[in-house]
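Okay everyone, thanks for coming. I'd like to walk you through one protein today, so let me put it up on the screen.

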Amino acid sequence: MRTLEVQIAERPYRIHIEPDLLYRTAEMIRPLVAGTPRIALMSSKTVESHYRERVERSLRDAGFEVRFIPMPTGEEYKDLKTVSGLYDVLISQSFDRNCLILALGGGVVGDIAGFVAATLFRGVPFVQIPTTLLSQVDSSVGGKVGVNHLQGKNLIGAFYQPKTVLIDPRVLQTLELRERISGLGEVLKYGFIRDAAFLDTCLENTDDLLTLSDMDFVTGIIARSVRIKADIVALDEHEQGRRMLLNFGHTIGHAIENSAGYGVFRHGEAVIMGMCAALMLSTNLSGLEKTLAETYIRHLRRIPVNGDLTQLDIDAALEAITHDKKVRDGKLNMVLLERIGHPRIVEGIPEDTVRETLEWLKDLYTEGVLS
Ligand SMILES: NC(=O)c1ccc[n+]([C@@H]2O[C@H](COP(=O)([O-])OP(=O)(O)OC[C@H]3O[C@@H](n4cnc5c(N)ncnc54)[C@H](O)[C@@H]3O)[C@@H](O)[C@H]2O)c1
Ligand SMILES: [Zn+2]
């Protein structure tokens, strides 16, 4: 088993990663809680159908009382209405501040359940078992929990660290390929901002990663990703500086995601395209060597994202970017690379430069130009 410490100042905690760890849920939780608290196991439909039983059995066999609390599936339910419904269920079932909330699912389940845990009775103990690649390498690490508002994603939330995070890479076997690709986008991002050798390993073995042909390899990739994110978060728990680096590929990625409309691209797919744009911009604005950038762009372009950018509305994408909080006085700040593994925040990027890059990206992701 791989165990990583997250060095958050007030309360460090551990993340455990191992195939079939789900069967050992109780054993991992036991030392972190006083006695045997009642456990509210929250999960969504698909995940529940695959994994509820093994988690529940582990907990019940160890003497825990478990109540299963169903959650809706999908980003459109990540809101205060769902949170409110969950408060109702927990309070009506007499859960008290000594209970434990266990989130079993992807980022949506983790973000909602974590927000409930952070706020119910001013905070109850929380454990995450993330089941998508994206949630294993990204959303379960760092303590950001929350829900969407009609005006925008993740506008309501808290920083709330779990007691532990249990990652079982085996569960990725039931995850759709498209969701694995989305998670891969974030994995590659860690390589770009922190570890060139890791990036190359991932790019050389993308097929193995996506087909999960070697669980040890997948486990190692997840562990390295979590380590990189956890280290950045530990330096900047409340997102005032260093954590910005995690936005590599995200400015243009978000713009593509938002302007395409809900559900067209998965988040990580948009990040893959956004990283192509960021690499191109890096050659002009932060001194990244051009041939190197082109090599990585070719690698990224080969990853089969669903759909293309033929329909990309460049004005709408630019509008999405200028509404982004990173814009100051019509100029944009972005995370770009000086070298692979060495990011820097570049300030004051003119809108015209971004427009040209979007035009270039649209061509790159228009069918037929794959090389
Ligand atoms: N808190 C953070 O720091 C942070 C960081 C990144 C993303 N997020 C949030 O995470 C969310 C996206 O998370 P996601 O990509 O995990 O999507 P998701 O939670 O919507 O899950 C994607 C789909 O996969 C299914 N699924 C999950 N695990 C499965 C499994 N093992 N087998 C089969 N199907 C499975 C789910 O039912 C769902 O249909 C967004 O809401 C985003 O805002 C949060
Ligand atoms: Zn992301």
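Let me start with a question: how many salt bridges does the rule find across the interface of domain 1 and domain 2? Keep that in mind while I set the scene. What you're looking at is a predicted model. The domain assignment splits the protein into domain 1, residues 2–174, and domain 2, residues 186–364. Taken over C-alpha atoms, their centres sit 28 Å apart.

Now, the answer: the rule finds 1 salt bridge across that interface. Lys-229 and Asp-138 form a salt bridge, and their closest N and O atoms are 2.7 Å apart. On top of that, there are 5 residue pairs in polar contact across the interface of the two domains.

So who supplies the domain 1 side? Strand S1 (2–6), strand S2 (13–17), helix H5 (133–139) and strand S8 (152–159) each put in at least two residues. H5 gives the most, with 5 residues. If you sort that side of domain 1 by residue type, you get 14 nonpolar, 5 polar and 9 charged.

And how much area do domain 1 and domain 2 bury between them? About 2,400 Å², with 67% of it on carbon and sulfur atoms. On the domain 1 side, Leu-4, Val-137 and Phe-159 lose the most area to domain 2, and together they make up 23% of what that side buries. As for contacts, 28 residues of domain 1 touch 26 residues of domain 2.

Okay, over to the metal. Which residues are the protein donors of the zinc ion, ligand 2? They're Glu-186, through OE, plus His-250 and His-267, both through NE2, at 1.9 to 2.1 Å from the zinc ion. Written as a pattern, the spacing in sequence is E-x63-H-x16-H. Glu-186 is in helix H6 (residues 177–194) and His-250 is in helix H10 (residues 250–260), so that pair ties together parts 64 residues apart in sequence.

Last stop: salt bridges again, but over the whole structure, where the search finds 20. One of them is Arg-38 with Glu-65, whose closest N and O atoms are 3.1 Å apart. Arg-38 is in the loop between helix H1 (25–29) and strand S3 (39–44), while Glu-65 is in the loop between helix H2 (45–61) and strand S4 (66–71), so this pair ties together parts 27 residues apart in sequence.

That's my tour, thanks for listening!

Notes: Residues numbered from 1 in each chain as written. Chains lettered and ligands numbered in written order. Predicted model: local features only at pLDDT ≥ 70, side-chain atom pairs only at ≥ 80, totals over all residues. Heavy atoms only, no water. Domains from an automatic or database assignment. Contact = heavy atoms within 4.5 Å. Buried area = accessible area lost by both parts, 1.4 Å probe. Salt bridge = Lys/Arg side-chain N within 4 Å of Asp/Glu carboxyl O. Polar contact = N/O pair within 3.5 Å; in protein donor to acceptor, adjacent residues only side chain to side chain. Helix = DSSP H or I, 4+ residues; strand = E, 2+ residues; numbered from the N terminus. Nonpolar A, V, L, I, M, F, W, Y, C, P; charged D, E, K, R; others polar. Donors = N, O, S within 2.8 Å, 3.2 Å for Na, K, Ca; no water.
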